[in-house]
Amino acid sequence: MAAAALAGLATGPIGGADLDGDASSHGPAVDDLATAAFTIPTDRPESDGTLAWDRTTMVVVTIHGGGEMGFGYTYADATAAALAATTLRRVVVGRSALDVPGAWWAMLAAVRNVGRQGIAACAISAIDMALWDLKAKLVDCSIVDLLGAVRPSIPGYGSGGFCSYDDEMLARQLGGWASTGFHAVKMKVGRDPLNDPHRVDVARAAIGDRVGLFVDANGAFDRPAALAAAAAFAERDVTWFEEPVTSDDLEGLRLVRDRAPAGMAIAAGEYAWDPWVARGLLQAGAVDVLQADATRCLGPSGLIQIAALCAAWNVRLSSHCAPSLHVPLLCTLGPAVHAEWFHDHVRIERLLLDGAATSDRGELSPDRSRPGFGLELKAPDAARYLEWQSER
């Protein structure tokens with residue numbers, strides 16, 4: 001699949017897929033697709049360098065076929081659930097449940113005039129995950145065994161340290177992850193640049209000298225400010241600077257990468273809505289580590305293609321958020337180096353999903369005894385957070 005995707009990237013998202021294909025003689029058909037959106041308040045107000053929020057919405061997709069049910073999800077506005085239940089449902093239902101790439105290309109074609117990036121990409125991502133989950137269940141194996149394992153587990157890094165936290169909360173959260181064995185932790189910066197060095201000092205004191213310290217500006221700095229911040233962070237042994245400038249500024253990312261202190265990796269990619277955007281980051285030489293998010297980058301199918309691009313450019317791959325989705329996938333992808341153990345999503349996935357990812361001293365292992373991604377919605381627990389659902 002990755003090789004075919006790379007060939008398609010040469011000319012863009014056109015390909016030679018049978019966009020009007022059906023399920024005849026190609027295995028069980030997709031019988032139904034349903035969606036729902038659940039909005040969960042954060043445990044306290046949160047902010048980063050460019051945004052503040054107090055709730056998160058999980059959009060869930062279920063797909064039925066061959067007597068099994070596939071499950072997928074994304075983090076997006078509830079409008080992604082509506083798009084999945086209408087425009088995208090029409091091109092998925094009736095297709096072979098085994099022909100995931102055909103459905104993927106058909107969905108890309110279906111949103112041509114809607115706009116593929118943003119809400120549409122998230123909706124496609126959730127459906128694509130559900131299709132892969134269904135396919136693995138139909139052949140009775142885990143997604144890791146369906147795709148083939150590269151490694152039995154993947155390291156995680158604790159991620160939170162929001163700008164809205166006071167020093168005590170910052171130290172408690174990051175220090176807690178360090179004490180339980182995580183090899184690295186990440187904090188937000190950029191909202192108050194003059195106070196950032198102090199906050200980084202608080203974090204370093206809480207985690208000690210042996211735990212890696214990452215910072216994420218979410219594009220808050222311009223180029224000169226990013227270079228100045230990189231120098232200040234390097235004095236505090238920060239080894240990862242994420243989105244020092246906006247990811248829309250590829251030349252700026254390349255500039256910061258070229259001039260960053262030795263030993264500091266520049267990372268970006270969470271807003272690579274598809275493999276073509278990821279290719280642009282790689283072509284520009286903008287990152288040392290490309291972050292990809294399978295809840296945004298057109299699902300596991302998109303992530304697999306991005307991993308192939310990373311291998312071709314010899315660039316490391318890391319995941320953004322959604323650990324329960326990414327842990328099994330990263331165990332099948334060679335360029336992957338670690339997964340983000342993001343505070344909000346760890347909490348939500350434990351709250352709403354049976355089979356959510358767990359950590360053993362910072363090491364994240366998929367449960368290969370469960371078919372597919374091994375995830376099920378805890379419907380009674382989720383009901384109180386329901387914002388929208390499709391009609392059945």
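Contact here means heavy atoms within 4.5 Å, and in this sense Val100, Ala103, Trp104, Met107 and Leu108 of helix 3 meet Ile124, Ile127, Asp128, Leu131, Trp132 and Lys135 of helix 4 in the predicted model. By class, the residues of this contact divide into nine nonpolar, no polar and two charged. Helix 3, which spans residues 100-110, packs against helix 4 at an angle of about 165 degrees, and the axes of the two helices are 10 Å apart. Because angles over 145 degrees count as roughly antiparallel, helix 3 and helix 4 are described as roughly antiparallel to each other. The crossing of helix 3 and helix 4 is right-handed.

A second partner of helix 4 is helix 2, formed by residues 79-92, whose axis comes within 9 Å of that of helix 4 and crosses it at roughly 60 degrees. This angle makes helix 2 oblique to helix 4, and helix 2 passes helix 4 in a right-handed crossing. On the side of helix 2, the residues involved are Thr79, Ala80, Leu83, Ala84, Leu88 and Val92, and these meet Ile119, Ala120, Ala123, Ile124, Ile127 and Leu131 of helix 4. The contact of helix 2 with helix 4 is made up of eleven nonpolar residues, one polar residue and no charged residues.

Ile119, which lies in helix 4, can be described in further detail. With residues up to four places away in sequence not counted, Ile119 touches Asp77, Thr79, Ala80 and Leu83. Ile119 is partly exposed, since its relative accessible area is 30%. Between the C-alpha atoms of Ile119 and Val287, which are 168 residues apart along the chain, the separation is 25 Å.

Helix 4 also packs against helix 11, which comprises residues 299-313, at an angle of about 90 degrees and with the two axes 5 Å apart. Helix 4 is therefore roughly perpendicular to helix 11. This contact is made by Ser125, Asp128, Met129 and Trp132 of helix 4, together with Gly299, Pro300 and Ser301 of helix 11. The residues of the contact of helix 4 with helix 11 divide into three nonpolar, three polar and one charged.

The nonpolar interior was examined next. In soluble globular proteins, nonpolar side chains tend to be buried together. In the present model, the largest nonpolar core has 124 residues, and those with the most contacts inside this core are Tyr73, Ile127, Phe241, Leu290 and Leu317. The largest share of the core, 13 residues, comes from helix 4, which covers residues 119-138. Apart from this core lies another, of seven residues, which include Ala184, Phe214, Ala267 and Val289. For Leu290, with its neighbours within four places in sequence left aside, the residues in contact are Ala268, Ala278, Leu281, Leu282, Ile306, Cys310, Val315, Arg316, Leu317 and Ser318.

Burial was also found at a position in helix 7, residues 196-207, where Ala203 is placed. Ala203 is buried, as its relative accessible area is 0%, and, not counting residues up to four places away in sequence, Ala203 touches Leu174, Met187 and Leu213. The C-alpha atoms of Ala203 and Asp222, which stand 19 residues apart along the chain, are separated by 24 Å.

Two further helices are mostly covered. In helix 12, residues 323-330, eight of the eight residues are buried, namely Pro323, Ser324, Leu325, His326, Val327, Pro328, Leu329 and Leu330. In helix 13, residues 343-352, seven of the ten residues are buried, and these are His343, Asp344, His345, Val346, Ile348, Glu349 and Leu352.

Finally, backbone geometry was considered at two loop positions. Asp237, in the loop between helix 8 (223-234) and strand 7 (238-242), has a positive phi of about 60 degrees although Asp237 is not a glycine. Asp237 is partly exposed, with a relative accessible area of 42%. Arg361, found in the loop between strand 13 (359-360) and strand 14 (363-364), has a phi near 55 degrees, a positive value in a residue other than glycine. With a relative accessible area of 59%, Arg361 is exposed.

Note on methods:
Residues are numbered from 1 along each chain as its sequence is written. This is a predicted model: local features need pLDDT of at least 70, side-chain atom pairs count only at pLDDT 80 or more; totals for chains, interfaces and linings use all residues. Side-chain values use heavy atoms; hydrogens and water are left out. A nonpolar core is a set of buried Ala, Val, Leu, Ile, Met, Phe, Trp, Tyr and Cys residues joined through side-chain atoms within 4.5 Å. Buried means under 20% relative accessible area, exposed over 50%, partly exposed in between (1.4 Å probe, protein chains only). Helices (H or I, at least four residues) and strands (E, at least two) are DSSP runs, numbered from the N terminus. Axes are lines fitted to C-alpha atoms, for helices over the stretch in contact, and angles run from 0 to 180 degrees between N-to-C directions. Angles under 35 degrees count as roughly parallel, over 145 as roughly antiparallel, 65 to 115 as roughly perpendicular and the rest as oblique. Ala, Val, Leu, Ile, Met, Phe, Trp, Tyr, Cys and Pro count as nonpolar, Asp, Glu, Lys and Arg as charged, and the others, Gly among them, as polar. A crossing is left-handed if the near helix is turned anticlockwise from the far one by less than a right angle, and right-handed if clockwise.
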